[in-house]
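Visitor: I would like a close look at a single part of this assembly, with enough of the surroundings to place it. Could you take one chain and go through its sheets, and then relate it to its neighbours?

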Amino acid sequence: MTRIGLYRALMIAAAVLLLEGLCLSGMIDRLTMPPPHRILLDLATILVSGSQNAAILKTLTNASIALALALVLGVVGAVALHGHRSAREILEPLFATYYAVPIFAFYPLLIVLMGLGDAPQIGIGFMLGVVAVIVNTLNGLDRVPRVLRKTARIQRLGMVEIALTVTLPCAAPYVLTGVKFAVAYSLIGVIGAEFIMSRGGMGYEISFAYTNFDNATMYPLILLILAVSIAINAALSRWEKVLLGRRGQ
Amino acid sequence: MAHTSSAHVSLRGVTKVFASATGGAGLQALGPVDVDLRRSEFFAVVGPSGCGKSTLLELIAGLTAATTGSVEFEGRRVAGDIPDGIGVVFQEDACFPWLCVEANVAFGLRKAALAAAAKVRRVREVLDLMGLAEFARAYPAQLSGGMRQRVCIARTLVSEPRLILLDEPFGALDQQTRLLMGEEVLRLWRGTGATVFLITHALDEAAMLADRIAVMSARPGRIIDLIETHWPRERDSHIVERSEFGAVTARLWKSLREESLKTIGRPAGQA
Amino acid sequence: MSAGAWRSTRNAAVLIVGLLIAWQLLYAIAGQAALAPPLATLRYTAALLATEGFRGHLSESMRAFGAALTIAVASGLLIGFWLGFHKLAGEVCEPILVALYSIPKITLYPILLLAFGLGMSAKVAFGALHGIIPVALFTINVVRNVKPILIKTGRVHGLRPTEMVRIVLFPAALPEIFTGLRVGFSLTLIGTLLGEMFAAQRGLGYLLMTAIGLHNVELIMAVTLILFVFAAAVSSVLLAVDRRLHANA
């Protein structure tokens, strides 16, 4: 581990120890938050007993579907928009202001349109993630040097083939940035929707545990979500570094 | 004037007008141009900046369509589609940064009707030919500018094009590297028997490499002089020692000087 | 008006008209149970804005948002400047900030509720939490990337440290800092609103949640419309300023 990595690990360890100390000494009372070691033990208990497995599976599956939809439609949408300057210009203010709008307000609308199943939550996750993918993919496509496209045309490749073999691979690091956002947003969308109105999933369980002062369930579930999202993000960042490293950046 | 059927590439009355973004009169970048390229000849074009040399190259390659006139390659009209058998090396670095050298060169065979094993062999051959064999697994970011251009040339050669278009391929390189690359291009030209069309702003480069050199006027570019060098096919950079070399460059500069002055905004009569 | 300004206005008009048409079509498909049509919503909103009760909620939200934004911007700038200037601290802490940026902060919500209780402080905390990290990250970046040549020039002209910051560093850094502020604005707005949705008895978010619970479609649409118009308007202004700053940079 590098020296800086070491400092960072020490800093995080120190923060956790501080938290542990504050909890054990009673400065943070048990009702507000259990000590970190307790949270970890409770998490282990939950995972081993499998009591939350259905909820965990439901949330992660729905978030994955929302993510996949956001990625596919986002990338395709960006490629389509990239070729049509006027359409892109018209939509750009919408993209720029999109994330200030409370997308969750559309949740009731989606429930009426799609019924009470999993679809509305996936819809919210998708709606939140897709614009981040579009904006970042467009950014990457903008940066593809024209000479690379000309080279592909000289090779007599068709439009779709050029997009798949040249434009998108060239834009890949930027698309990855969009993917990172979409991962976070799909989780936010699904869990937030589960908070508001749902019959299952981790958001529902956390909300239920909160109402019942069940910290032994609530905190471990929160920790699990944080761990999953940080792990995925770290993996994507590492991949991004590899891609950029090959390009000497 | 009819197209000469023996010419490899034939341009008749070609002009290119770029449409104006605001809807007014367009910008005439080029023309009218009438010229034939003979099979297996080395043809160079020199001219002041902005005269339309690159546009001319793109018209021949089929990357863009002529506004008036016709372009023919091997007897067939070039319009909108890229014909088979053409290779282009651009001025900018066109290596794909996410692929290693070998994969870059192999990209040139995407549309080739060869078995996979044959493709691998062909790529190896060209890598050896261009002196890139030991860098096969390296990424373009790890190579110098000259080597990256070699990779682009290799990618063009691997599909065995019959017409090779080079748009100021050595523009970003230093003088010594340019001379050596020029010799390499001559070697490849003789080895492949392809017709070579080179755009350059370096007069000595054109004079050394080409069988015929066209001088273009300032925008809109037309051909104002066409020089035959009568060099032997087996030539290298020693050609610069001949007295005729000086005569060729002198004639090039004489034709070019007035046009260049026009481009930088000074009237031709002044010093 | 210049040609450019004409195009922007025309594009904005096309976008707005397009959205209104899409809205009307969606209403035609989904029916009264899901949506209220544009005209009816506008009338309802006008009536709503006239009522005292609503204005009370509005001012509550504005106060919470203002507080959250101030905290987010001030803390973000402070953290950003500090981590930007102190190389080691910056290198150690920035990845931690990036990781925190990527987690779905909505999951932390119950923890904040336990810590702050229901009411204003939870809202403000949640809003500030959303905005502080992007402001900090952008500021770190900009402080790191100040061109050394600018500092050299300042020194050659004999500028004192405070003058250096005021005359050279701040104007040079302003465009990037402003982009961070813009992102911070959007995210703080959403954060405050989400906070109000779950932990308040007053405010627009609370109103929205109640409307969702009572299935009062007109109210849902009216509140969403107000939020959307506010967010879009301020965002567009900020975007225009951002572009102007970057054009001059």
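Guide: What follows is a walk through chain B, its two sheets and one of its loops, and then through the chains around it. The model is a predicted one, and the local features described here are restricted to residues with pLDDT of at least 70.

Let me begin with the six-stranded sheet of chain B, an open sheet whose strands are arranged in the order S6-S7-S8-S3-S9-S10 with mixed pairing. Its edges are formed by strand S6 (86-89) and strand S10 (223-228) of chain B, each of which pairs on one side only. When direction is ignored, neighbouring strands in this sheet are turned by 15° against each other on average. At the S6 edge, S6(B) runs parallel to strand S7 (residues 163-167) of chain B, and four bridges join the two. Within that pairing, B:Val88 has B:Leu165 in S7(B) as its bridge partner.

Towards the other edge of this sheet, a helix comes into the picture. Helix H7 (residues 243-264) of chain B lies across strand S3 (42-46), strand S9 (212-216) and S10 of chain B, and its direction makes an angle of about 175° with that of S10(B).

The loop that leads from S3 to helix H1 (53-61) of chain B holds B:Pro48, a residue worth following in detail. B:Pro48 counts as buried because 22 C-beta neighbours lie inside 10 Å, where the cut-off for a buried residue is 20 or more. Leaving aside residues up to four places away in sequence, B:Pro48 touches B:Ala218, B:Leu256, B:Glu259, B:Ser260 and B:Thr263. As a contrast to these contacts, B:Leu129 stands 81 residues from B:Pro48 in sequence, and the C-alpha atoms of the two are 34 Å apart in space.

Chain B also has an open sheet of four strands, which has the order S2-S1-S4-S5 and antiparallel pairing. Strand S2 (27-37) and strand S5 (76-77) of chain B are at its edges with a single partner strand each, so one side of each is left without a neighbour in the sheet. Inside the order, strand S1 (residues 9-18) and strand S4 (residues 68-73) of chain B run antiparallel and are joined by five bridges. One residue pair that can be picked out there is B:Ser10 with its bridge partner B:Glu72 in S4(B).

From here we can turn to what surrounds chain B. In its contact with chain A, 19 residues of chain B meet 18 residues of chain A. Sorted by class, the side belonging to chain B has 13 nonpolar, two polar and four charged residues. Chain B and chain C, by contrast, are joined by no contact, and their closest C-alpha atoms lie 9 Å apart. Two pairs of chains touch, and of these the pair with the most contacts is chains A and C.

Chain A, the partner of chain B, has 10 helices and zero strands. Its C-alpha atoms fill a box of roughly 70 × 55 × 30 Å along the principal axes, and 45% of its 249 residues count as buried. Of the contacts in chain A between residues at least 6 apart in sequence, 73% join residues at least 24 apart.

Chain C likewise has 10 helices and zero strands, and its C-alpha trace spans about 70 × 55 × 30 Å along its principal axes. Of the 249 residues of chain C, 38% count as buried. The domain assignment divides chain C into domain 1 (1-33) and domain 2 (36-248), and the centres of these domains, taken over C-alpha atoms, are separated by 27 Å.

One helix pair in chain C completes the view. Helix H4 (residues 87-102) and helix H6 (residues 120-144) of chain C have axes that come within 10 Å and cross at roughly 145°, and the crossing in which H4(C) passes H6(C) is left-handed. Among the residues that meet there are C:Leu97, C:Val98 and C:Tyr101 in H4(C), and C:Ile133, C:Leu137 and C:Ile140 in H6(C). The contact of H4(C) with H6(C) has nine nonpolar residues, one polar and one charged.

Technical notes: Residues numbered from 1 in each chain as written. Chains lettered and ligands numbered in written order. Predicted model: local features only at pLDDT ≥ 70, side-chain atom pairs only at ≥ 80, totals over all residues. Contact = placed C-beta atoms within 7 Å. Nonpolar A, V, L, I, M, F, W, Y, C, P; charged D, E, K, R; others polar. Pairing = 2+ DSSP bridges. Axes fitted to C-alpha atoms, helices over the stretch in contact; angles between N-to-C directions. Left-handed = near helix turned anticlockwise from the far one by under 90°. Buried ≥ 20, exposed ≤ 12 C-beta atoms within 10 Å, placed from the backbone. Domains from an automatic or database assignment.
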